[in-house]
Amino acid sequence: MSQATYNKMWTDAQKDLDIQLQREREEFLQPEQDLVKVFKMLATSYIKYMQIFRALETAHDQLIHQQKRAAIRQVLDGVIGRILEMKKEMVDLEKSEFHYIDNILEDLKLLPEDIEVPIPRYFIKEQLEVLQQREKILDQILLEAGLQAEEPVEVMTFEEAIKIIQVAERARQGRCRAAYMKRIYLAEKRAKQPKPKIRTGPNPDDAATRIQKVWRGCIQRKKTENLREEEMIFLGMSLPPHLRAMNIPQMDAGQVNAPQGEIRERDDEISIKNKLRETEGLSIKETLQDQIGQCFIECRHIVGRFPDYPAEEAGGSMAILSQNTPEQVAAELAAKMEKALEKKDQKDKKEKGGEKEKSKDKKEEKAKKKEEDEGWKMAPSNFLSIMEEGNSQYKAVWQNRDEGWDFLQDHDPELMKEEKREEVEKEIRVQVDELMQQKLENLKLAVDGEKSTKPKKGKKSDKKKTTTRKKISELEEDLTPDRTIDSLYKELVEEGLLIKAKTVNLSDYVGSQIVHERAPLVKALLLAGPAGVGKKMLVHAICTETGANLFNLSASSITGKYPGKSGLQMMLHMVLKVAKQLQPSVVWIGDTEKIFSKAASKADREMGPKRLEKMLPKFLKALRAPDRVLLVGTTDRPFDANLKPFCKVYQKIIVIPRPDYASRFVLWKHIILQNGGAITNLLNISCLANVSDGFTPGQLIQAVQAVLSKLRLLQMTRKPLRTDEFIDFLATQDPVYREEEEAFKAWYAKTPLGRARTRALAGNTKAGKGKGSKGKGKK
């Protein structure tokens with residue numbers, strides 16, 4: 001696809017975003033009583049934003065134009081945040097992590113695949129070099145510690161080696177015999193052919209004809225190549241010769257982030273910046289000096305004295321130039337005086353009629369309650385302003401921009417000039433501040449006869465003191481100030497607390513829509529479900545898709561390590577410090593129910609996973625909003641844990657059930673093909689999907705891998721796969737029985753979200769009965 005196609009994709013996405021923002025202004029500002037209508041509005045907006053997100057993400061990844069990519073990235077971040085807000089509202093409204101929106105998809109004529117959340121490719125691309133370097137360091141540490149062997153080499157027996165040598169030797173002898181027989185055959189053929197008559201000399205006409213033939217063919221081929229090249233240039237599928245000679249990035253999307261393109265872009269930025277500094281630097285300096293000098297004169301005219309020059313931390317001359325005009329200052333002073341008089345009057349009224357005000361407060365509270373009872377209203381958004389700003393920037397800069405002259409579509413020099421002009425102005429402003437500060441001191445000494453006092457730097461130290469006085473938690477206190485991140489990283493790897501994530505893509509996780517809704521707004525996530533449903537696979541997929549480090553705090557990993565309270569505190573401090581420094585990071589706790597187990601021995605409390613119970617809330621408290629660190633717990637027996645502390649740590653709980661018929665059908669087909677099998681008429685996938693009811697994806701993978709051995713794959717052409725081969729293996733496995741599934745449902749019903757869901761359903765049934773009884777009475 002050409003760059004024009006992706007430009008159109010961006011344009012269409014911006015139009016859809018403009019319509020969606022207008023729709024939000026009209027629909028979501030007014031309270032609504034009908035919750036069914038509210039959910040339909042939210043789900044429709046969620047789907048629309050998802051379509052916009054997919055289009056913007058593709059355009060951002062494929063476009064070469066750097067300034068366009070920056071503009072798309074701003075809007076893209078806002079759309080992602082708005083999708084998460086919509087998801088949160090839908091969860092709060094339905095009290096469930098799962099939503100059924102098939103009817104809305106059908107109305108919009110969309111498929112379920114159209115609303116799957118793609119992982120933004122810039123997650124990995126922006127830090128590809130760092131991730132590759134980190135992976136090399138991790139492999140080296142694992143090899144040195146003996147925790148990872150080098151690439152496995154298959155050991156061959158003596159008999160197998162002899163057999164391979166014999167096969168190779170027989171093949172060599174066969175090739176030699178075939179070559180020998182070919183030589184004999186050609187010799188006999190030449191002997192049978194009649195000897196040609198000897199010519200006295202070459203025929204001049206034949207020679208001339210042959211030369212003409214070769215020459216005309218060469219000329220015609222050159223003409224054809226030139227015509228083809230002109231046609232490709234005319235169609236826009238090839239570059240003209242004068243542009244082809246230049247060292248430009250490839251038009252292919254995969255070469256967008258190529259080093260040559262980046263180097264050229266940096267060179268262009270440096271040259272433009274240097275040119276601006278040479279041509280406009282002097283005029284910018286004179287303009288700033290005139291503006292600051294005028295501010296000095298106006299301030300002395302109004303106040304009667306020259307102002308103090310703001311410190312560099314306060315913005316320097318920017319703080320002076322951003323101040324209001326004298327008329328605005330006078331208006332602000334008058335407004336402040338009026339407010340002060342109003343406050344005095346209110347205090348006097350409060351002293352006289354305190355009881356009346358109490359009754360008024362009660363009335364106001366009642367009025368607020370009435371407003372809340374009026375209906376649902378959308379919570380304020382943190383991302384609408386970002387999308388609005390990006391949308392207005394698109395309309396102002398890109399919507400009607402003429403780009404016919406820009407054949408390369410890699411960057412816009414005029415826009416780059418505007419960006420670099422601001423940088424040049426900031427650099428020159430620092431120099432101007434030093435000059436004008438000295439000029440202000442001379443003015444004060446010459447006019448007012450006083451020496452100016454430089455801004456004190458004591459306030460900054462006072463702020464530092466006040467911040468250090470705040471209480472610091474145990475884990476946030478730096479217990480390793482003398483150690484580097486590399487040394488802590490190495491120790492965590494050697495202790496098995498930082499492991500290498502398996503390369504698993506979310507596209508490999510087949511059969512569950514829940515995977516694509518895994519981005520929670522909380523710090524901790526719990527994945528619960530029977531053994532083999534893919535909980536650990538999801539953890540590795542999150543790390544693979546986001547390039548995150550994987551810390552392993554499972555029971556088997558921490559038992560016996562870092563004993564005592566101080567040792568546990570040191571371990572969590574190291575994990576937290578490295579996870580924050582090398583974010584994004586995922587802290588995984590497998591079999592997390594053992595931490596909150598109802599019955600635990602004394603040894604388990606001192607050296608086992610139980611000792612983490614009191615420290616995990618502190619660990620989560622030490623995580624701030626900017627920290628891209630996610631705590632993920634996995635469990636197949638959540639009902640063995642104390643529910644209250646368990647749910648206090650894991651605010652978002654997702655239960656992954658056994659796959660249904662449709663998921664099993666897709667899984668069987670996908671796993672068989674992935675392991676080298678071939679599906680024929682003798683293999684009934686529908687029968688396998690029916691028979692495997694109750695089995696987990698892990699068991700299906702084991703069945704396929706057990707059947708499709710190396711020998712069986714070699715026999716595939718003459719002996720196709722049969723259904724009973726897989727059924728025989730499943731007969732030896734234990735499925736997930738209905739009692740275990742009901743236990744998971746009963747446990748989830750006791751969680752906060754499960755209880756809220758039960759209450760909501762009970763309220764709906766009561767309301768329905770009430771409406772029905774009223775209807776009967778009217779009849």
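When I say that two residues meet, or are in contact, I mean that they have heavy atoms within 4.5 Å of each other. Keep that in mind, everyone, as we look at this predicted model.

Let's begin with confidence. The protein has a mean pLDDT of 76, and 74% of its residues reach 70 or more. Where is confidence lowest, and where is it highest? The low end is helix 16, residues 458-468, with a mean of 42, and the high end is helix 7, residues 158-192, at 90. Two stretches also stay under 50. Over residues 245-264, the model still has 25 contacts beyond four places in sequence. Over residues 771-779, the number of such contacts is 0.

Now to our first pair of helices. Two packed helices are described by the angle between their axes and the distance between the axes. Helix 6, residues 128-145, packs with helix 17, residues 485-494, at an angle of about 55°, and their axes are 10 Å apart. The two are therefore oblique to each other, and helix 6 passes helix 17 in a right-handed crossing.

Which residues of helix 6 and helix 17 meet? From helix 6 we have R134, I137, L138, I141, L142, E144 and A145, and from helix 17 come Y489, K490, V493 and E494. Sorted by class, this contact has 7 nonpolar residues, 4 charged ones and no polar ones.

On to a second pair. Helix 24, residues 661-674, and helix 26, residues 697-707, pack at about 40°, with axes 10 Å apart. That angle makes helix 24 oblique to helix 26. Their crossing is right-handed. On the helix 24 side you can find L667, W668, I671 and I672, which meet P697, L700, I701, A703 and V704 in helix 26. What classes of residue make up this contact? It has 9 nonpolar residues, with no polar and no charged ones.

Finally, please find the sheet. It is open, with 6 strands in the order 1-3-4-5-2-6, and its pairing is mixed. Strand 1, at 498-499, and strand 6, at 652-655, are the edge strands, each pairing on one side only. Further in, strand 3, residues 549-552, runs parallel to strand 4, residues 585-590, and 4 bridges join them. If you'd like one spot to look for, N549 stands opposite S585 in strand 4.

A helix lies across this sheet, too. Helix 29, residues 738-749, lies across strand 2, at 524-528, and strand 6, running at about 160° to strand 6.

That's my tour. Thanks for listening!

Conventions
Residues numbered from 1 in each chain as written. Predicted model: local features only at pLDDT ≥ 70, side-chain atom pairs only at ≥ 80, totals over all residues. Heavy atoms only, no water. Pairing = 2+ DSSP bridges. Helix = DSSP H or I, 4+ residues; strand = E, 2+ residues; numbered from the N terminus. Axes fitted to C-alpha atoms, helices over the stretch in contact; angles between N-to-C directions. pLDDT = per-residue confidence, 0-100. Parallel < 35°, antiparallel > 145°, perpendicular 65-115°, else oblique. Left-handed = near helix turned anticlockwise from the far one by under 90°. Nonpolar A, V, L, I, M, F, W, Y, C, P; charged D, E, K, R; others polar.
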